[in-house]
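Welcome! Have the sequence and the 3D view at hand, and work through the exercises at your own pace.

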Amino acid sequence: MFLLRDFNRCDITTHLPSLEQHVTTPTRMQNTLDLCYGNIPNAYISKPRPLLGRSDHNVILLLPKYRSQLKTSDPLTKTIRVWNSEATETLQGCFDLTDWDLFFNDCGGDLHALTDTLTSYILFCEDTVTPTGQITIHPNNKKWITKDMKHCLVQKKKAFLQGDKLRVRELEKEFRKKAKLAKIHFKDKVEKKLTSGNAREAWQGLNTMMGRPTKPAVVNCSDPTSFAKQLNGFFSTYLFGFILA
């Protein structure tokens with residue numbers, strides 16, 4: 001149970017002595033006004049965080065003293081291709097100098113072999129001429145979070161630790177502008193994928209914007225063959241009944 005409020009002229013310890021106050025840091029200037037009472041003693045550690053918007057009260061982060069059994073996912077390091085104009089021109093020149101008739105002659109009219117050979121050659125050219133870079137993806141990152149927004153948050157935390165409230169407010173306004181533009185840019189990317197016919201990535205972007213889970217539901221069954229036959233029988237009966245109706 002929690003009891004939260006701005007207790008600037010009230011003391012509830014005389015009426016509710018069983019509750020313990022968890023906030024031990026100042027919440028407004030040097031005063032501790034925003035309190036949090038709970039019925040579990042020694043459960044949380046309070047740490048101040050920068051204020052939100054135009055508020056003059058600090059945000060208080062309550063960290064549990066106990067170690068949670070559920071661990072968050074580790075950051076994922078991903079290798080990406082860095083496309084630029086120079087890499088595009090180099091790749092185009094590589095394709096222009098390629099003798100494509102050689103692939104057709106060696107495959108002897110086998111369409112599958114020709115497809116595999118051409119695909120492997122194109123991927124080989126991409127790996128050769130395009131530079132790569134590594135990015136770190138944190139589990140709580142949103143797709144529209146940019147490098148500039150992260151840098152702005154870091155500067156805001158530094159200004160808060162230095163006690164520069166004016167700088168904190170300036171960075172808060174700057175972050176809101178960057179976040180708004182980033183969300184609009186991400187929305188435009190999703191709409192562009194939808195209009196270009198890439199429905200799969202468009203739906204993935206919509207799920208990300210709505211905060212829906214990206215992992216599909218998994219059906220556990222001991223015998224996949226028998227389960228597939230049951231599904232075939234069910235949908236065949238349903239379709240037959242629909243046609244008769």
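The exercises below go from the whole chain to single residues, and the model they use is a predicted one.

**Exercise 1. Describe the overall make-up of the protein chain: how many helices and strands are there, and what pattern do they follow along the sequence?**

Step 1. Count the elements: the protein chain has 7 helices and 7 strands.

Step 2. Read them in sequence order, which gives β-β-β-β-β-β-α-α-α-β-α-α-α-α.

Step 3. Turn to burial: of the 245 residues in the protein chain, 18% are buried.

Step 4. Look at the contacts between residues at least 6 apart in sequence: 51% of these join residues at least 24 apart.

**Exercise 2. Work out whether helix 4 and helix 5 run roughly parallel or roughly antiparallel.**

Step 1. Find the two elements: helix 4 covers residues 147-162, and helix 5 covers residues 165-195.

Step 2. Take the geometry of their axes, which come within 9 Å and cross at roughly 165°.

Step 3. Compare that angle with the cut-off: over 145 degrees counts as roughly antiparallel. Helix 4 and helix 5 are therefore roughly antiparallel to each other.

Step 4. Add the handedness: the crossing of helix 4 and helix 5 is left-handed.

**Exercise 3. Find which residues bring helix 4 and helix 5 into contact, and sort them by character.**

Step 1. On the helix 4 side, pick out D148, M149, C152, L153, Q155, K156, A159 and F160.

Step 2. On the helix 5 side, their partners are R167, V168, L171, E172, E174, F175, K178, A179 and A182.

Step 3. Sort the residues of this contact: 10 are nonpolar, 1 is polar and 6 are charged.

**Exercise 4. Locate salt bridges and say how far apart their closest N and O atoms are.**

Step 1. Begin with the idea behind the search: side chains of opposite charge can pair when their charged atoms come close. The cut-off used here is a nitrogen-to-oxygen distance within 4 Å, and the count comes to 6 salt bridges.

Step 2. Look at R167 and E170, whose closest N and O atoms are 3.7 Å apart. These two residues are 3 apart in helix 5, so about one helical turn separates them. Both are partly exposed, R167 with a relative accessibility of 35% and E170 with 40%.

Step 3. Move on to K187, which forms a salt bridge with D188 at 3.4 Å between the closest N and O atoms. D188 is partly exposed at 37% relative accessible area, and K187 is partly exposed at 31%.

Step 4. K187 also forms a salt bridge with E191, again with the closest N and O atoms 3.4 Å apart. K187 and E191 lie 4 residues apart in helix 5, so about one helical turn separates them. E191 is partly exposed, with a relative accessible area of 43%.

Step 5. Finish with a network: K156, E172 and R176 are joined by salt bridges that share partners.

**Exercise 5. Decide whether E126 is buried or exposed, and find what it touches.**

Step 1. Place the residue: E126 sits in helix 3, which spans residues 111-129.

Step 2. Check its relative accessible area, which is 19%. Buried means under 20%, so E126 counts as buried.

Step 3. Set aside the neighbours within four places in sequence, and the contacts of E126 are R81, W83 and L91.

How values were computed:
Residues numbered from 1 in each chain as written. Predicted model: local features only at pLDDT ≥ 70, side-chain atom pairs only at ≥ 80, totals over all residues. Heavy atoms only, no water. Axes fitted to C-alpha atoms, helices over the stretch in contact; angles between N-to-C directions. Parallel < 35°, antiparallel > 145°, perpendicular 65-115°, else oblique. Left-handed = near helix turned anticlockwise from the far one by under 90°. Contact = heavy atoms within 4.5 Å. Nonpolar A, V, L, I, M, F, W, Y, C, P; charged D, E, K, R; others polar. Salt bridge = Lys/Arg side-chain N within 4 Å of Asp/Glu carboxyl O. Buried < 20%, exposed > 50% of the residue type's maximum accessible area, 1.4 Å probe, protein only.
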